[in-house]
Each structure stands twice: as structure tokens, then as C-alpha cells.
Amino acid sequence: MNHPIRFVSLVGIVVARTEYPALTILTVDDSSGATIDVIVLKAPVTDDDGNRSVRSGGGGDLQTAYATKHVAATNKTTVDTTALVPGIVVQVKGTLSMFRGTIQIQLERVSVVRDTNTEMRFLDQRSRYIVEVLSVPWSLTEEEVERLHYEADDEEERLEEEQERIKRHQRRRIEREEKDQRRIQKSWEREEQLRAREALYSRDAGAKFMRDFKERKV
């Protein structure tokens, strides 16, 4: 019916849970006749500075380590997967992706379905949504198309202004860095000149002292 689909939601039982270094795969059976894999991303572990991957064993080759903390695919908020074990009924929401010709769900939100009433409410909402929304052809009037074109143009202008603002910020940062570099260079040159004068003064003072010392001995 030409509806733009961004998120999908389903209720099913977790029949398998497979752990990988970077993600967890929940295989969910929603009684449709086929199972679907739900991908739950893991957050990588970093050092205190947040810039380097953790090294195993306190040394050796750099290895990528992964935490048990899971995150949503889009906004990277924390997702609690502790209770998501085989045999648990869950409601998942996410975006669709394709891997080796198989449709998967990239998890955004998940909750455990505690009882049959909750599951039946979801089925009722799904049925009404199919009838009231998805079964109605999605089309736009000329006014709506014109408004969307205007919004798209406005968004494009906003993005261009944002990019220009970022470029100006980068130019100012580079100019500040160059100015700081020149200031540091001048300061270093002044210090070098001061050290040279002090060295010359010390050499002359030493030579004068030696002359005076020899004259006193004579």
C-alpha cells in the first residue's frame, strides 16, 4: 500500500541465543511459520581515556575486547538483555536489515511479555493497525507534496549552513593553532637569545675572573 516502513514490532518466544564478540543474536519464533534473528549490538570496552581498545593480559598484541553491555542499534542507549534467554516471550522493536539474503531485525527496544493478556493486547493492536493504517493506500495530495518539497529544500539549506558553520569553526581552530605555534616559536627564540646572552656573559665573566686571578698570583 506504499507505506514507508521504518520500524517493525513483533511478539515471540526466544528459541535460541547466540553470543558473538560484537553482538548477540536472539532467534525469535513469532508463530508465523518462520523464525527471525534479532541482532543486539554490544558496546566495545575502552581504556580510561576512551580512545584505545583494551589489551588482554596486560600486554602483547592489541586485541578487541567486548563488554556484556548491549546497546540499541540507532541511538546506542543501553539495552538490558539479562532476562532474554530461550523460553522467554518478548516484544521487540527495531529496524529491518539484510544479511546474506536473510531479513534480520536490528534491536532498538525490547520488553519481556509476562502474561497472555499482554500478548493478546499486542495482537489486538497489531490487527487494528493493519486494518486502520496499513490497509489504507498511502498517498499525498499536491499540497502535501509541495509542502514536503519546501521542507526538503529548507532542510538542505539548513544542512549547508551547518556545514559552512563547521568549516568556519575548523578554519578558526586552524588559525588559533597557527597563532599559538607562532607565539610558541617566538617565545622559544627569545629564550634562546636570552640563553645565548647569559652564556656569553658567563664566558666573559669567567675569562675576567681568570685574568684577575693570574694577575693576583703575579
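Tutor: Let's start with the words we need: a helix is a DSSP run of H or I with at least four residues, a strand is a run of E with at least two, and both are numbered from the N terminus. Keep in mind that this model is predicted.

Student: How many helices and strands does the chain have, then?

Tutor: Two helices and seven strands. Reading along the sequence, you meet them as β-β-β-β-β-β-β-α-α.

Student: What makes the run at residues 142-217 a helix, and which residue of the surface patch lies in it?

Tutor: A helix needs at least four residues, and helix α2 runs over residues 142-217, with L148 inside, so the run passes the length test.

Student: Why is L148 called partly exposed?

Tutor: Buried means under 20% relative accessible area and exposed means over 50%. L148 has 35%, which falls in between, so partly exposed is the right label.

Student: What makes L148 fit into a nonpolar patch?

Tutor: A patch residue needs over 30% relative accessible area and no salt bridge, and Leu is on the list of nonpolar side chains. L148, at 35%, is over that mark. The patch also holds W138, L140 and V145, and the four together have about 310 Å² of accessible area.

Student: Is L96 buried, partly exposed or exposed, and how do you know?

Tutor: Try the same test: L96 has 48%, under the 50% cut-off for exposed and over the 20% for buried, so L96 is partly exposed. You'll find L96 in strand β6, residues 89-99.

Student: Which residues does L96 touch, and what makes that a contact?

Tutor: Contact means heavy atoms within 4.5 Å. Apart from neighbours within four places in sequence, V8, I103, Q104 and I105 pass that test with L96. Here's another pair to look at: L96 and R6 are 90 residues apart in sequence, but their C-alpha atoms are 7.9 Å apart.

Student: How do you know that R17 and E19 form a salt bridge?

Tutor: The cut-off is 4 Å between a side-chain nitrogen of Lys or Arg and a carboxyl oxygen of Asp or Glu. The closest N and O atoms of R17 and E19 are 2.7 Å apart, so the pair qualifies. R17 is partly exposed at 27%, and E19 is partly exposed at 40%.

Student: What makes R128 and D124 a salt bridge, and how far apart are they along their helix?

Tutor: Their N to O distance is 3.2 Å, within the 4 Å limit, so that's a salt bridge. They sit four residues apart in helix α1, which means about one helical turn between them.

Student: And what about R158 and E155?

Tutor: At 2.6 Å, N to O, this pair is within 4 Å too, so salt bridge is the right name. R158 and E155 are three residues apart in helix α2, again about one helical turn. Salt bridges with shared partners also link R17, E19 and K42 into one network. Over the whole structure, the search finds eleven salt bridges.

Student: What is the volume of the largest pocket, and which residues are closest to its centre?

Tutor: The volume is about 580 Å³. Of the 21 lining residues, F7, V8, S9, Y129 and L134 are closest to the centre. Helix α1 gives the largest share of the lining, seven residues.

Conventions: Residues are numbered from 1 along each chain as its sequence is written. This is a predicted model: local features need pLDDT of at least 70, side-chain atom pairs count only at pLDDT 80 or more; totals for chains, interfaces and linings use all residues. Side-chain values use heavy atoms; hydrogens and water are left out. Patches are made of residues with over 30% relative accessible area and no salt bridge: like charges are joined within 9 Å, nonpolar side chains (Val, Leu, Ile, Met, Phe, Trp, Tyr) within 5 Å. Accessible areas come from the Shrake-Rupley method with a 1.4 Å probe; for residues, only the protein chains shown count as cover. Buried means under 20% relative accessible area, exposed over 50%, partly exposed in between (1.4 Å probe, protein chains only). On a 1 Å grid over the protein atoms alone, a cavity is a set of points where a 1.4 Å probe fits but cannot get out, and a pocket is an open set with protein on both sides within 12 Å along at least five of seven lines; lining residues have an atom within 4 Å of a point. Grid points are joined across faces, edges and corners, and a volume is the space filled by probe spheres set on the points.
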